[in-house]
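This report walks through one protein model for a reader who has not seen it before. It starts with a single helix and then widens to other parts.

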Amino acid sequence: VELFTRLCRVLHQLLATEQRDVVDIRPWLEKIGPKVLFPALAVIPSNPSLCYELWEVLKLIPYEKRFLIYGSFQKEYAAPNYRLLLLKNLATRDTSNICKRIAKESTRTYGRSLAKIAHSNPLMAFDKIIEQVMAYENLIPCMVEMIRYVTPLGMDILVFELLVHMSASGRDRMKDTTTYSQWLTNLGTFAGSFYRKYHNLVDLMPLLVYIQKRLRLGETSDLVVVRELMLNMTGTENMESTCTALQLQAHSGGPTLRFIAGGFAETLSGINLRIVGKSSRKLREKLVGGGLAQPTLLLLAQLRATHMLRLPADTEGREGTLQMISEEHDQVTNILGVMLSFLTTSHPKEHALSPPGDTPTALPPASPASG
């Protein structure tokens, strides 16, 4: 334990002071991370202070490098290291037992038990958690509540596992021509609930960049993730055909009136609306401040105009193809409308969190037309 702590503090000092004239340790860290640091953390009995020491080192490098270290260590479990294999099986078994007994009334007790497992083997623990979330929608609120006892390192690894399962190939992303698969919908709901509750502790950028890359590839199946993220973090959704005449009139008013008339409070029943306001502002800051707002809107508009041209040739003339095209068009149009509504108007609860006029704008000012 003492040696692990000293090594982490030396690495932190070298990274923090940027002493690259002596030696650039970042490539070295990418090698010793999966080969030394994480295996050592796995064999040491549960010790949250070591997770914090390791996180102080890893948070100084970009998330792409961190995720590369996590992925490399995950491959170490498949290597002929019987001690790591035993630890993997024990962590998976204990996490599975917790998931079988979890209930709304016992999230605190089992949340602490999950945290003890995650302090030593976060990859295996959260891999099992994500698998349970994909299979059982009713476990999502309990899982989100249990994560409150996890360290920042564990939450970062949870984001990594979420993206690994979200981007996994070999699974049908569509249940049929018009319905998303349940596992993908569950992941989107979990991501939205997770980021709404822990938006100050977890970096949103990895998920937003993933969504943008999927849109650039012309994938429409991941729109369900965008929809659930917007709904859970901002309370914004497309009302489609359920909008009444009274709600249509209310939507001609200001942000507060539109929020109340939209029925969002009913959709997010039991959720503190002030928390929704904070997470809404965080999402806006990441989209606008990170330079992702305008590219995302452009990609959605481009996808809306060209998605029907990307269908495989063998689907032409098949039964349900026209229905699939129209459904995808509606989905892209709805998400584009929701994103525009969110980025061009502020959440009513955001006004209590920042001075007037402090809300960042996503779209550039309109320039006068040139003659």
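In helix H9, 13 of the 15 residues are buried, so H9 is largely enclosed by the rest of the structure. Buried means under 20% relative accessible area, exposed over 50%, and partly exposed in between, with a 1.4 Å probe and protein chains only. Helices are DSSP runs of H or I with at least four residues, strands are runs of E with at least two, and both are numbered from the N terminus.

The model is predicted: local features need pLDDT of at least 70, side-chain atom pairs count only at pLDDT 80 or more, and totals for chains, interfaces and linings use all residues. Residues are numbered from 1 along each chain as its sequence is written, and side-chain values use heavy atoms, leaving out hydrogens and water.

The protein has 18 helices and zero strands. Of its 371 residues, 49% are buried.

Two helices can be checked against their expected span, which is 1.5 Å times one less than the number of residues.

| Helix | Residues in helix | Expected span | Distance between end C-alpha atoms |
|---|---|---|---|
| H2 | 18 residues | 26 Å | 24 Å |
| H9 | 15 residues | 21 Å | 21 Å |

In both H2 and H9 the two values agree.

H2 covers residues 26-43. A kink of about 60° lies at Gly 33, shortly before Pro 34; the bend at a residue is the angle between axes fitted to the seven residues ending there and the seven starting there. Both Gly 33 and Pro 34 are among the buried residues of H2, which also include Leu 29, Leu 37, Phe 38 and Leu 41. The buried residues of H2 pack against several helices, including H1 (2-17), H3 (48-58) and H9 (152-166).

How do H2 and H3 lie relative to each other? Their axes come within 12 Å and cross at roughly 170°. Axes are lines fitted to C-alpha atoms, for helices over the stretch in contact, and angles run from 0 to 180 degrees between N-to-C directions. H2 and H3 are therefore roughly antiparallel, a label for angles over 145 degrees. Leu 29, Leu 37, Phe 38 and Leu 41 of H2 meet Leu 50, Cys 51, Leu 54, Val 57 and Leu 58 of H3. Contact means heavy atoms within 4.5 Å.

Elsewhere, Thr 185 lies in helix H10 (residues 182-197). Thr 185 is buried, with a relative accessible area of 16%. Leaving aside residues up to four places away in sequence, Thr 185 touches Tyr 180, Val 224, Arg 227 and Glu 228.

Note on methods
Angles under 35 degrees count as roughly parallel, over 145 as roughly antiparallel, 65 to 115 as roughly perpendicular and the rest as oblique.
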